[in-house]
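Reader: Please take one part of this model and go through it closely. I would like the criteria stated along with the values.

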Amino acid sequence: MTQRVANVPVNAVSPDPTATVRLHVNGEEVERTVSVRMLLSDFLRHELGLTGTHVGCEHGVCGACTVMIDGRAGRSCLTLAVQANGHEIRTVESLAGPEGDLHPVQEAFKDCHALQCGYCTPGMIMNVVSHLEADGDLDLTDEGIRDMLSGNLCRCTGYLNIVSAVRRAAELTEQSHTEQAGG
Amino acid sequence: MKPPLFDYASPETIADAVSALSSNPGAMVLAGGQSLVPAMNFRLASPSVLVDLQRIPGLDTISIDDGVIRVGAMVRHRDLELDDAVNAVHPLIREVMAHVAHVPIRNRGTVVGSLCHADAAAEMPLLLVLTDGAVKAVGPKGERIIAARDLFQFHMTTTRDADEIVTEAHFPVPGTGAGLAFDEFARRHGDYAIAAIGALIEKNGDGTVSRAALAACGIGDRPTRLAASEAALTGTRLDDADLEAAVRAARDEITAPDDMHATNAYRKHLTGALIKRVVAAAAARAK
Amino acid sequence: MSTRAFGSRVNRNIDSRLLRGQGAYVDDIPLPGALHVAFVRSPFARARITRIDTAEAEACPGVAAVYTCDTIGHLDIEMPLLIPHGSMDNPRTQRPLARDDVYYVGQTVAMVVATDRYTAEDAALLVDVDYEPLEVETDIEKAVEDGAPLVHPTNPNNVAAHFVQVSGDPQSAYGEAEHVTRIRVQVDRSTAAPMECRAVAARYDRVTGELTVWDGTQAPISVRGGLASIFRIDEDKVRVIAPDVGGGFGQKVLLFYPDELLVPMAAMKLGRPVKYIEDRRENFIGSSQERTQIHFIELHAKKSGEIVALKDFFLHDTGAFIPYGIAVAQVASTSIAGPYRIRNIEVEFKAVYTPTVPVTPYRGCGRPQACFAIERAMDQLADDLGLDRFEVRRRNLVRDDEFPFHREGLLFADGLRVSLDSGQYLKALAMVEEALDPASFAAEQEEARRAGKHLGLGLAFYVEGTGLGPYEGGHIKIHPITGKVYVNTGLTTQGQGHDTVFAQIVADELGCAVEDVIMVEGDTKAFDWGVATFASRAAVVSGNAIYKTAKIVRDKTITAAANMLEAEASDIELRDGAAWIAGTDRKVPLAAIATATNPLRYAFNEAAQAATQFAPASRHDGPPLDDGQHPGLEATDYFSPECATWSYGVHGAIVEVDPATCQVRIRKYICIHDCGNMINPTIVEGQVMGGIAQGLGGALYERVEYDEDGNPSNANFVDFLMPYATEMPNVEILHLETPSPLNPLGVKGVGEAGCIAVGATVASGVEDALRPLGGGPFRHTPITPSMIHQAFETA
């Protein structure tokens with residue numbers, strides 16, 4: 001079939017009100033002028049190219065888009081980019097070390113076969129990291145870990161390997177703290 | 001599932017925020033956004049202007065004075081949950097919080113936002129109703145206090161005027177002898193309750209109930225006090241027959257029709273079971 | 001490399017990339033200047049369209065185009081019927097954009113293309129469509145009655161297909177029965193709900209005339225064929241890539257969804273890349289679903305419990321269209337006798353149109369429904385005859401010496417015979433019995449009852465026909481520079497771990513590290529012979545194709561290495577990425593062999609120098625490659641199974657029913673599972689566990705709800721209750737490994753296994769828990785608290 005192809009003109013640009021947002025993402029300051037209705041998930045993915053943050057439901061139930069906002073896990077699909085103005089965001093891209101070493105939580109997920117399709121994984125991991133980094137005692141009972149993971153849907157693994165991975169990640173983190181303290 | 005067009009305002013004073021609301025019909029308040037943004041993503045909410053409260057100083061504070069816990073409009077659920085001073089005087093708050101969605105949602109969602117959203121099955125409105133709390137609303141005509149019993153009209157509707165901003169929620173600190181308890185059942189952890197019950201029990205020296213407060217959510221079109229059940233319990237020693245009477249007295253309050261998660265008959269059964277369980281737990285905590 | 005990779009718990013190759021957020025799913029592919037699609041979808045289950053006005057949407061800022069059925073030219077067709085079958089009358093498929101009529105809420109009516117998805121959604125709301133709503137019936141039992149509103153006027157009584165299959169001589173066998181157990185069971189509609197919704201992006205290069213389509217599909221080669229055919233472009237000008245895909249579970253094997261045609265069309269017409277990223281709501285109302293079946297099953301038995309005949313009639317909800325033919329119903333009908341030695345079977349079904357999202361396979365594909373029917377009936381038969389539930393099964397299970405057990409007369413979904421090829425069914429049952437210890441459980445149950453607790457033991461056996469044909473291929477090439485092994489097959493992965501299990505197979509044959517196998521699937525430019533990922537077939541069909549291919553490459557490698565090392569081929573062993581003369585330290589790396597077998601003119605490294613035309617080893621007395629000889633170490637081969645190979649297993653559970661909340665809590669869950677030889681037990685367990693979680697969803701939580709007007713009422717994750725970690729019980733998986741005699745690796749499929757028996761197991765447990773009260777039976781999933789409350793009330 002032959003196609004008559006020309007770049008069809010698009011109607012004049014969208015009338016969205018815009019705003020300039022300045023925020024820290026993975027330790028770097030970024031500034032963009034974007035539509036005020038742009039979701040933080042779209043901002044991270046399409047403005048900054050940080051496509052490790054995934055979008056699974058856009059209504060806050062699945063947790064695939066979870067990032068850390070000012071050190072706490074939050075849904076990037078339920079946050080407008082303008083709401084993140086002046087705040088600090090961390091995504092999965094921030095985790096692996098400078099030499100490419102996996103973060104203990106990533107390592108544990110790998111060791112425990114805690115991912116299959118990998119789509120829910122970055123959000124799951126950012127949620128777990130936020131808990132491991134939070135002050136206070138961690139509840140590493142089965143029930144405690146399940147509660148920590150509730151709020152992140154996974155359709156592949158059946159979760160049990162993720163529960164094991166969280167426990168393993170806590171051990172790895174503990175080990176590295178001990179080693180640092182000792183060394 | 002992307003939000004519709006709106007204008008965005010990020011005022012730095014309450015007065016400017018109120019002005020933005022009152023001068024723009026259809027404007028809405030944005031705090032944590034955990035209920036509003038999904039509604040916008042589904043295009044169920046189409047605000048003309050979103051008035052973001054986050055840059056207004058002082059709205060993110062929690063204070064306890066005069067027997068009242070004052071929770072500012074930008075206080076996240078998680079902040080209130082983790083506040084040790086609050087927990088020391090009102091430990092039920094932390095217990096209830098464990099049922100409110102999940103930590104990442106509680107990290108962002110605000111307590112006042114939840115009260116204003118007024119979902120008929122939500123936990124925080126129940127808690128406000130149970131303890132006779134109130135909210136402070138500021139509008140073009142000044143500020144007013146709205147008592148919990150007057151606040152919730154029906155599912156997702158409050159008596160807050162469209163150009164008012166709720167700046168604080170007031171949770172009264174329970175009396176020292178009071179026993180409080182809460183429980184709910186949702187088919188899936190963290191979901192809105194199919195039914196939830198909160199109870200506050202105070203006892204006389206002889207062990208009889210001097211005061212009983214019972215609140216429920218999920219059972220009708222708003223969080224509600226179960227006045228008839230309270231009456232049935234007051235003066236009793238909470239024997240099985242008294243609890244049964246309280247359960248019977250609550251039946252007419254359970255008006256939610258059959259829906260995909262529960263039949264009305266099951267909700268009645270569940271509510272009854274929760275009333276017994278929660279009243280007993282509260283009584284055990286009463287001194 | 002002394003240990004065999006096959007059978008080992010090797011970590012997955014793909015994980016490091018996925019864990020870093022470096023996965024490349026369709027929406028992650030950078031396509032500068034891409035336009036974005038949103039659809040106008042029908043708000044009515046059944047209606048006549050009287051007018052569509054796109055003017056306002058077309059004028060909307062940022063909009064490039066708005067399409068309706070009138071402006072898509074030759075795409076205004078009924079889309080392909082993928083699997084024709086004689087049992088269907090007037091099989092109906094959907095048009096990309098509705099013409100005249102709409103048949104379900106969510107059906108695509110118009111397509112908007114704009115600068116971004118936000119704008120596209122705005123404009124979609126401005127498309128003005130007038131509908132005349134028509135009457136609907138969503139209940140399949142009522143839909144087949146005379147006078148019911150018709151989804152398609154072409155199909156009386158809404159019957160899409162009617163099919164009867166017979167094995168043995170059931171009519172005579174009915175007469176021999178001393179008892180008949182008859183029950184009705186129902187399984188409700190669910191949906192795959194992969195975490196990544198469907199997604200399609202397309203770019204048309206007007207200079208080369210090449211159309212590239214990124215499609216989160218399970219069947220890129222078939223999509224490529226379809227696009228070439230429908231767009232009338234040469235196959236080599238159409239490249240379809242299934243990049244990383246965030247779960248599929250069958251939903252993504254259907255082709256074509258409207259977007260899969262319309263997005264490439266728009267890219268060609270508009271001269272810009274075009275993307276459609278389905279959102280969650282659309283996934284609920286626009287992408288295939290499955291499960292609703294109502295079975296009327298009869299077990300004709302002797303007093304001993306021996307079943308002499310099985311009769312089953314069932315209604316199968318196929319939704320508004322039947323693009324995938326009768327596959328789901330056919331799998332259900334041929335799996336209905338489960339693992340039992342039932343020689344006389346009469347199974348009949350009607351596939352019924354309803355004005356709802358079309359039904360095509362979702363993980364399990366009819367097997368959970370069949371398992372639910374036969375296993376609930378087995379429990380009832382035990383109850384009727386006063387037999388123990390384990391015993392009634394033991395008396396009917398196919399014995400080890402009866403394999404292969406043919407079900408003569410039944411044809412499976414691949415058109416080939418149903419033959420249970422191997423297994424240890426009795427041992428599996430004994431294992432679950434040992435794990436649950438029914439005798440001591442009975443005491444515990446009794447004690448719990450006195451304390452007001454209701455415990456029950458649930459049990460269900462299942463079989464799973466896996467590894468269906470027609471065929472898949474393997475292509476292997478050892479890279480001459482790095483010595484890494486490059487492998488292709490035609491089917492694709494949605495997270496199952498293909499790159500690792502296939503690498504394990506190759507690593508053993510070629511003596512390389514599993515990490516040094518580069519697996520490329522899902523790109524028609526890399527390999528374009530094959531079918532798709534469905535029916536738990538990857539390990540069986542592609543796995544064996546790759547194994548056969550690896551053998552050929554191994555032989556070539558050994559022959560070449562023997563030449564290079566001046567040794568006998570029989571003395572060469574492949575390990576650690578090299579060929580060695582056994583018992584010596586003399587070796588040549590795979591890269592060097594691959595280079596040496598590729599006659600070169602230009603030297604670009606040391607190894608290459610040895611392969612150039614004036615190097616010492618080069619011949620000067622004839623062509624560098626003999627006639628028929630191929631350069632390098634490379635081969636392609638195929639595997640085409642003679643029929644499906646049957647996995648099986650038993651699930652057992654101890655459940656507790658809380659009389660206050662009417663909640664079911666699973667206190668213990670055991671899964672005995674046999675998928676033949678396991679390539680990687682960790683991955684097998686992952687597949688089984690994920691299936692169990694989906695099965696649990698179907699057993700207790702997940703139901704796609706339609707109101708009586710056909711409106712979906714829970715098209716979101718708030719009300720469609722998929723289990724979180726908090727809902728998942730601990731599960732113990734125990735393995736049996738009975739090799740399949742039907743393929744060289746002795747493997748069977750595992751993808752769907754986990755989900756099949758969970759509904760039947762949980763229902764069996766709940767029924768057992770409430771039996772003393774007279775509550776139940778439980779023959780309908782999902783089992784909701786309201787249903788349990790009802791059972792308590794009527795007890």
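Author: What follows starts with one cysteine of chain A, then turns to chain A as a whole, its contact with chain C, and the domains of chain C. The model is predicted, so local features need pLDDT of at least 70 and side-chain atom pairs count only at pLDDT 80 or more, while totals for chains, interfaces and linings use all residues. Residues are numbered from 1 along each chain as its sequence is written, and chains are lettered from A and ligands numbered from 1 in the order in which they are written.

A:Cys154 sits in the loop that joins α4 (142-149) to α5 (160-182) of chain A. Helices here are DSSP runs of H or I with at least four residues, strands are runs of E with at least two, and both are numbered from the N terminus. A:Cys154 is classed as buried because it has 31 C-beta neighbours inside 10 Å. The cut-off for buried is 20 or more other C-beta atoms within 10 Å of the residue's own, with exposed at 12 or fewer and partly exposed in between; C-beta atoms are placed from the backbone. Leaving out residues up to four places away in sequence, A:Cys154 touches A:Cys120, A:Met124, A:Tyr159 and A:Ile162. Contact means that the C-beta atoms of two residues, placed from the backbone, lie within 7 Å. A:Leu115 is 39 residues from A:Cys154 in sequence, and their C-alpha atoms are 8.7 Å apart.

Chain A has five helices and five strands, in the order β-β-α-β-β-β-α-α-α-α from the N terminus. Of its 183 residues, 56% are buried. Among contacts in chain A between residues at least 6 apart in sequence, 59% join residues at least 24 apart. The C-alpha trace spans about 65 × 45 × 30 Å along its principal axes.

Chain A contributes 55 residues to its contact with chain C, and chain C contributes 61. On the chain A side, α2 (104-111), α3 (121-133), α4 and α5 each give two or more residues. The largest share, four residues, comes from α5(A). This side has 28 nonpolar, 20 polar and seven charged residues, where Ala, Val, Leu, Ile, Met, Phe, Trp, Tyr, Cys and Pro count as nonpolar, Asp, Glu, Lys and Arg as charged, and the others, Gly among them, as polar.

Chain C is divided into domain 1 (31-134 + 196-246 + 252-286), domain 2 (293-397 + 406-468 + 642-794) and domain 3 (469-639), with bounds from an automatic or database domain assignment. In chain C, 24 residues of domain 1 are in contact with 23 residues of domain 2.
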